[in-house]
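This report covers a protein–RNA model, starting with the surface that faces the RNA and moving on to helix packing and one strand residue.

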Amino acid sequence: MKSVALRFNFEFNRVYRYGKFATGRYLSVHVLKRREGTTQSGYKVDPELRRTGFCANKKELGAVGRNRARRLMRESYRQLEDKLPTGYDYVFTLKAKGGIPDFHELSTDMGKCLSRLDLIDGVSV
RNA sequence: CGGGCAGGCCGAGACGAUCGCGGGCGCCACAGUACGAAAGUACGGCGCAUGAGGAAAGUCCGGGCUCCACAGGACAGGGUGCCGGGCAGUUCCCGGUGAAGGCAACUUUAAGGAAAGUGCAACAGAAAAGAAAACCGCCCGAAAGGGUAAGGAUGAAAAGGCGAGGUAAGAGCUCACCGGCGGUGUGGAGACAUACCGGCCUUGUAAACCCCAUCCGGAGCAACGUCGUGGAAAGGCAUAUCGUGGUCCGCGAGCCUUAGGAGACGGCUUGAACGUAUUAGAAAUAUUACGUCUAGAUAGAUGAUCGUCACAUACAGAACCCGGCUUACCGGUCUGCACGGAAA
RNA sequence: ACCCUUGUCAUUCAAAGGUAGGAUAGCUGACUGUUAAUCAGAUAAUACAGGUUCAACUCCUGUCGAGGGUG
């Protein structure tokens, strides 16, 4: 087990406020390196863990569209997961203007964003 | 054949391969982590079957379930409103009656009471509600004035309609028919239908107040129940122990209880369930028999790639659970009916 | 997921069954050497769809949108 989901609003806010971000054509990525001893529900978070959150705007997409967006982003993340460093919190947000993109376009877009943040080698994507 | 009417069924397009996700069951402890001497257990590994809808939606009704409140009655407030049946129950469903629309099939219908009472009916119009009223008209009259509701004019609506008699002119003033009201008879379970008789009969609005009949306690799974570490809260115990201190009080630590914020677990899926047959019924529906188990997540599980077929793929995602209603929707398909045309 | 409130000119408030009305902003004209202020004028709205009524912003029903609350 390498990844676990972000749960609470303050965790997302922490990533948005203190983390770095990059914006692509279809999505934006926020990343924060967790400090030592970060807790979740009273328990210490394993520093070898990656934590992720996948977001979509409720005003632009219905429940079906949001599920679709999360699935596409989760699948893209799954293929890139082993190359990403551990101990970080990631938040991916889909920009739904103009509809939900194709999987391949979304996947390459995610790779570009992550390489721009120097978290991944841009060559392999 | 054409354009219609009504009803039913299906609907993440289907199949295969590789990787991946949720809960369930079985096996494993071989690999990794933790506790263990080990066995084993948790996170795990492997395998198997399984995994969103007809509307899951809107939250408009009705329930189940949970907590709170509760002697009994009345008022207030709110819902419903033709008749009969169905249902756990309903603002639902089925059948019927009346009314409106359509050539028809058929559709729509909050459809009790206006003679219990109150209100309102703008503008226009003589008059908008006590059988009241006279602007034009008609008649009588020299005039003043009177008679008159047929006709005109106003209006959404003008005091039953229409024809004949009658008259100075007219008028239910009289009569036939029609409409309405009341009574009686007949048919029907009833709403009602129909026949006869009667007197001559004051509009609309109750989705205005109201009257009559009938029903209704409140909140909602973020309900509610159990547990609740570190740190923080309240009360008590004991100073027997430790720290501070020469000693006591005190303070801190300690022990117990309460409460319970974060959080965890339960509630969480077998139910007025579904399928097939049978019997009763005009139908909704009900009875009986057999069979089936069919998501339970907790930031929220169905995706990606490739191949073949089809190529148009809509609306759209369970969140405590059911029964209805309403709304959104690419299409496919089946059944029945009426009208028009053609042919026989 | 559940519960509640609300919808009228571009903005902000009225009208509560009978001609949708102000104020601000914008437009046109007048006044002025010019602008402001002032005066006059026109434009502009009942979220949408049905129903009740002679007549609906108002009453009833259903959609759509906006806002808020509950861990």
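With 10 residues, α2 gives the most to the surface near RNA strand B. Here a residue is near a strand if one of its heavy atoms lies within 4 Å of it, and helices (H or I, at least four residues) and strands (E, at least two) are DSSP runs numbered from the N terminus. The model is predicted: local features need pLDDT of at least 70, side-chain atom pairs count only at pLDDT 80 or more, and totals for chains, interfaces and linings use all residues. Residues are numbered from 1 along each chain as its sequence is written, chains are lettered from A and ligands numbered from 1 in the order in which they are written, and side-chain values use heavy atoms, with hydrogens and water left out.

**RNA surface**

Both α2 (63-80) and α3 (103-116) supply at least two residues of the surface near RNA strand B. Of the 16 residues around the strand, L6, R7, N67, R68 and R71 come nearest. The surface residues divide into 7 nonpolar, 2 polar and 7 charged; Ala, Val, Leu, Ile, Met, Phe, Trp, Tyr, Cys and Pro count as nonpolar, Asp, Glu, Lys and Arg as charged, and the others, Gly among them, as polar. On the RNA side, sugar or phosphate accounts for 66% of the strand B atoms within 4 Å of the protein, and bases for the rest.

The table gives polar contacts with the RNA (pairs of N or O atoms within 3.5 Å).

| Protein atom | RNA strand B atom | Distance |
|---|---|---|
| A63, backbone N or O | phosphate oxygen | 3.3 Å |
| R78, polar side-chain atom | sugar or linking oxygen | 3.3 Å |
| H104, polar side-chain atom | phosphate oxygen | 3.0 Å |

**Helix packing**

The axes of α2 and α3, crossing at roughly 55°, come within 9 Å. Axes are lines fitted to C-alpha atoms, for helices over the stretch in contact, and angles run from 0 to 180 degrees between N-to-C directions. The two helices are therefore oblique to each other, a class left after roughly parallel (under 35 degrees), roughly antiparallel (over 145) and roughly perpendicular (65 to 115).

**C55**

C55 lies in strand β6 (residues 50-55). Its C-alpha atom is separated by 22 Å from that of D118, 63 residues apart along the chain.

Technical notes: A polar contact is a pair of N or O atoms within 3.5 Å; within protein, one must be able to donate a hydrogen and the other to accept it, and residues adjacent in sequence count only if both atoms are side-chain atoms.
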